[in-house]
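Biologist: Before we talk about any assignment, please show me the model, and then let us go through how each label is justified.

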Amino acid sequence: MAKRPAEPPRAWQRMLSGRRLDLLDPSPLDVEITDIAHGLARVARWNGQTEGDHAFSVAQHSLLVEQIFRQLNEDAGPDWAMAALLHDAPEYVIGDMISPFKATLGDDYKSVEKRLQRAIHLRFALPPETPAKLLAAIKRADRIAAFFEATRLAGFSDHEAARFFGRPRGFSADALTLPPQPARRAQKAFLARFHLIEKRRAKASETRTINGLFTSFP
C-alpha cells in the first residue's frame, strides 16, 4: 500500500480573533490589532529577567519607545507615531528574542520578522518599508528605552548598559513608566494608545491629499 505523502509542517497560528495567520506568507487581512495587543502584553522583554511581580512586556516597551520617539521628534506626525508604536509588532507572533540569539539565527529570523512587519504595515496603512531616516529615529528611541530598562529593571550597571545601548544624553527617565504592569493593563494601555493615534491620523488625513499621505520624515 502506497504511503500517503507527508503533509507539510503547519506554518500558521490560530489567533484569538479567529484569524489564521500564515507565518511564511502573512496576509494583512489576517492581522488584527486586538491580537497584536494581546500577544505583545504577554511577551516578556529581557527573557523575563526583570525585577518586579510582572514581566516587562513588549507592549509596555512599545508604549515607552513611542513616548520617547515623540519627545525626540516633536514635529513627527501621527503616521510616524504609529510606526514607532508598532516597531516590534511582529513579536506578537515570533516572541522577543534577545539580540545574541537573533544573531545566532541570522537571516532566517530576520526574513520572517520582515514579512510580518510588512503585512502589519500594510494592514494599518503604513509604508511597507520604513523609510531609513524614520527607522533610525525609532531605533534611537528604542536604544534609549533599552538603556533605562536595562539599568532600572534588568540588573545592568550604567557602564555596561552604555556599552551596549549608548548613554542617553540630555534625556531624563523621570516621566517614563518603567514599573512592569500586569498583562491586561499593558494590553489595555497599548490598545488605547493605538486608537488615539488612529483618531489623529484620520483627522490629519482630512487636511492632506492622497499623494501627500506619507510625507518625508522631518
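Modeller: In this predicted model, helix H9 has 23 residues and reaches 33 Å from its first C-alpha to its last, close to the 33 Å expected at 1.5 Å a residue.

Biologist: Which residues of H9 are buried, and what covers them?

Modeller: The buried positions in H9 are Ala186, Gln187, Phe190, Leu191, Arg193, Phe194, Ile197, Arg201 and Ala204, and their cover includes H1, H2 and H3.

Biologist: Why does Thr50 count as buried?

Modeller: The cut-off for buried is under 20% relative accessible area, and Thr50 has 14% relative accessibility, so Thr50 counts as buried. Thr50 lies in the loop between H1 and H2, where, leaving aside residues up to four places away in sequence, Thr50 touches Arg45, Ala55, Phe56, Leu153 and Ala154.

Biologist: Which residues have the most contacts inside the largest nonpolar core?

Modeller: They are Ile36, Leu86, Tyr92 and Phe190, in a core of 60 residues, to which H7 gives the most, with ten residues. Of these, Leu86 touches Ile33, Gln117, Ile120, Phe124, Leu126 and Phe190, again not counting residues up to four places away in sequence.

Biologist: How do you know which element has the lowest mean pLDDT and which the highest?

Modeller: Among the elements of the chain, helix H5 (residues 99–105) has the lowest mean, 62, and helix H1 (residues 33–40) the highest, 98, while the chain averages 89 and 86% of the residues score at least 70. Where pLDDT is low, the predicted coordinates should not be read in detail.

Methods:
Residues are numbered from 1 along each chain as its sequence is written. This is a predicted model: local features need pLDDT of at least 70, side-chain atom pairs count only at pLDDT 80 or more; totals for chains, interfaces and linings use all residues. Side-chain values use heavy atoms; hydrogens and water are left out. pLDDT is the predictor's confidence in each residue, from 0 to 100. Helices (H or I, at least four residues) and strands (E, at least two) are DSSP runs, numbered from the N terminus. A nonpolar core is a set of buried Ala, Val, Leu, Ile, Met, Phe, Trp, Tyr and Cys residues joined through side-chain atoms within 4.5 Å. Buried means under 20% relative accessible area, exposed over 50%, partly exposed in between (1.4 Å probe, protein chains only). Contact means heavy atoms within 4.5 Å. The expected span of a helix is 1.5 Å times one less than its number of residues.
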